[in-house]
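Please open the structure in your viewer and keep the selection tool at hand. The stops below are meant to be visited in order, each with something to select and something to look for.

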Amino acid sequence: MQIRNTFTSSGCNTVYHSVAWHPSQRVVAYASCNQVNILDPDSAQVSVSLIGHSKRVNVPKFFALQKETTLISGASDGSLIIWKNSGEPFKHTSWREDFKAQLDESISNIVIREISDTEAYIVTLTTSTQVGLWKYDGKDLQQLEVLHFGTTFQEAAALELIDGENLFIFLGGVDKLVHIYTYNIKSTEKASLQYHVSLKGHENAITDYAITKLKENNEEYFLLASSSRDMMVRLWRLSKYDEKVDQLKAFQNKNNHKITLGEGNLFILSLESILSGHTDHISSITWGLDDPKGNPEDESNIVLLSTSFDFSCYI
């Protein structure tokens with residue numbers, strides 16, 4: 001007598017970051033109770049359930065550059081698990097628990113920035129207002145830094161590597177501030193995390209970040225989008241210091257915030273625009289391309305998608 005699973009139905013946990021699409025494969029992971037379900041979007045069937053957490057899973061995230069299909073998940077029991085798939089993502093026997101770490105508090109969000117297929121940096125946010133910075137080398141997960149924000153819960157984060165060595169870390173939450181840190185990934189010093197500035201502007205808690213790299217006149221710059229419960233999206237421009245641009249922005253009454261990274265390495269951060277339209281809290285934002293075959297660094301080809309509790313999506 002043979003027994004096989006014909007159909008699995010399982011609801012999605014009602015938290016902000018409970019669903020993840022693989023960046024390059026048609027694979028979906030979503031949090032359901034204390035497990036992570038792997039869904040085939042073409043057949044709309046759950047084929048695998050990854051069980052390792054003891055309480056509600058709050059966030060699954062895929063790695064993009066790993067040779068194997070790799071997933072990280074965080075839960076309310078404080079457990080952080082890295083799962084690897086060595087073959088077919090929709091076969092249960094192909095998945096294995098590769099690494100597990102235990103934090104003291106519930107993990108509410110995870111953000112990943114991959115440097116290569118063997119090196120990634122991860123930020124974990126917890127309900128205890130603790131923020132952790134980790135390094136993953138494809139085998140081990142090492143905690144590099146821990147930040148404590150007292151009573152101000154941080155729920156949003158973004159990571160971006162600039163100049164090949166400076167990892168910009170953007171944090172935000174109930175204190176309504178855009179906190180900016182940098183971490184030098186090539187530094188041999190033990191404490192290489194540096195705080196720079198906390199930007200005001202939002203009138204309610206920050207809920208999400210999205211950052212993209214663009215080019216203008218062959219000069220590289222970055223656009224950081226921050227969303228909030230104030231129903232607004234603010235766009236911030238980060239670029240290398242240019243005296244002429246700095247004078248122009250001063251003439252336009254734009255506040256320029258200078259960020260110094262070592263001797264002679266100066267960046268400028270300024271508010272570019274404020275987007276409005278939603279009538280309730282904005283829950284998430286993400287950058288995309290108007291034409292997938294077009295230039296991803298062309299400002300005319302990028303779009304920003306925002307979702308809100310007003311049951312609308314804006315592009």
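Before the first selection, bear in mind that this is a predicted model.

**The largest pocket**

Begin with K61, Y209, I285, T286 and W287, which, of the 37 residues lining the largest pocket, are the closest to its centre. The space in this pocket amounts to about 1,600 Å³. To see where the wall comes from, colour the strands β1 (19-21), β5 (57-62), β9 (107-116), β13 (154-162), β17 (206-216), β22 (282-289) and β23 (302-308), the elements that each give two or more residues to the lining. Among these, β9 deserves its own selection, since its six residues are the most that any element gives to the lining of the largest pocket. If you then colour the lining by residue class, you should find 22 nonpolar, ten polar and five charged residues.

**The largest nonpolar core**

Keep Y209 selected and add F168, F170, V178, I180, L224 and L238: together these are the residues with the most contacts inside the largest nonpolar core, which has 20 residues. At least two residues of this core come from each of β13, β14 (166-173), β15 (178-184), β16 (193-199), β17, β18 (219-228), β19 (233-240) and β21 (266-275). In soluble globular proteins, nonpolar side chains tend to be buried together. Centre the view on V178 and, leaving out residues up to four places away in sequence, you will find that V178 touches L171, V197, S198, L199, I206, Y209, L224 and W236. A second core, separate from this one and made of 17 residues, includes V123, L133, L171 and Y183.

**The cavity**

How many cavities of 30 Å³ or more does a search of the whole structure find? The search finds one, and the space in it is about 50 Å³. Select V123, V131, G132, L133, E145, V146, L147, I169, L171 and L193 to display its lining, to which β11 (130-136), β12 (141-148) and β14 each give two or more residues. By class, the lining of the cavity divides into eight nonpolar residues, one polar and one charged.

**Y195 on strand β16**

Move next to Y195, which lies in strand β16 and, with a relative accessibility of 44%, counts as partly exposed. Apart from neighbours within four places in sequence, Y195 is in contact with I180 and Y181. A C-alpha to C-alpha distance drawn from Y195 to I169 should read 9.4 Å, although the two are 26 residues apart in sequence.

**Two loops with positive phi**

In the loop between β2 (28-32) and β3 (35-40), select C33, which has a positive phi of about 55 degrees although it is not a glycine. C33 counts as exposed at 52% relative accessibility. Then go to A44, in the loop between β3 and β4 (45-51); A44 is likewise not a glycine, yet its phi is positive, at about 60 degrees. A44 is exposed, with a relative accessible area of 55%.

**The cysteines**

Finally, select C12 together with C33. Why does C12 form no disulfide? The closest cysteine sulfur to that of C12 is in C33, 12 Å away, which is too far for a bond, given that a disulfide needs the sulfur atoms within 2.5 Å. C313 is in no disulfide either, with the nearest cysteine sulfur, that of C12, 15 Å away. C12 is partly exposed at 39% relative accessibility, whereas C313 is exposed, at 55%.

Methods:
Residues are numbered from 1 along each chain as its sequence is written. This is a predicted model: local features need pLDDT of at least 70, side-chain atom pairs count only at pLDDT 80 or more; totals for chains, interfaces and linings use all residues. Side-chain values use heavy atoms; hydrogens and water are left out. Buried means under 20% relative accessible area, exposed over 50%, partly exposed in between (1.4 Å probe, protein chains only). On a 1 Å grid over the protein atoms alone, a cavity is a set of points where a 1.4 Å probe fits but cannot get out, and a pocket is an open set with protein on both sides within 12 Å along at least five of seven lines; lining residues have an atom within 4 Å of a point. Grid points are joined across faces, edges and corners, and a volume is the space filled by probe spheres set on the points. Helices (H or I, at least four residues) and strands (E, at least two) are DSSP runs, numbered from the N terminus. Ala, Val, Leu, Ile, Met, Phe, Trp, Tyr, Cys and Pro count as nonpolar, Asp, Glu, Lys and Arg as charged, and the others, Gly among them, as polar. A nonpolar core is a set of buried Ala, Val, Leu, Ile, Met, Phe, Trp, Tyr and Cys residues joined through side-chain atoms within 4.5 Å. Contact means heavy atoms within 4.5 Å.
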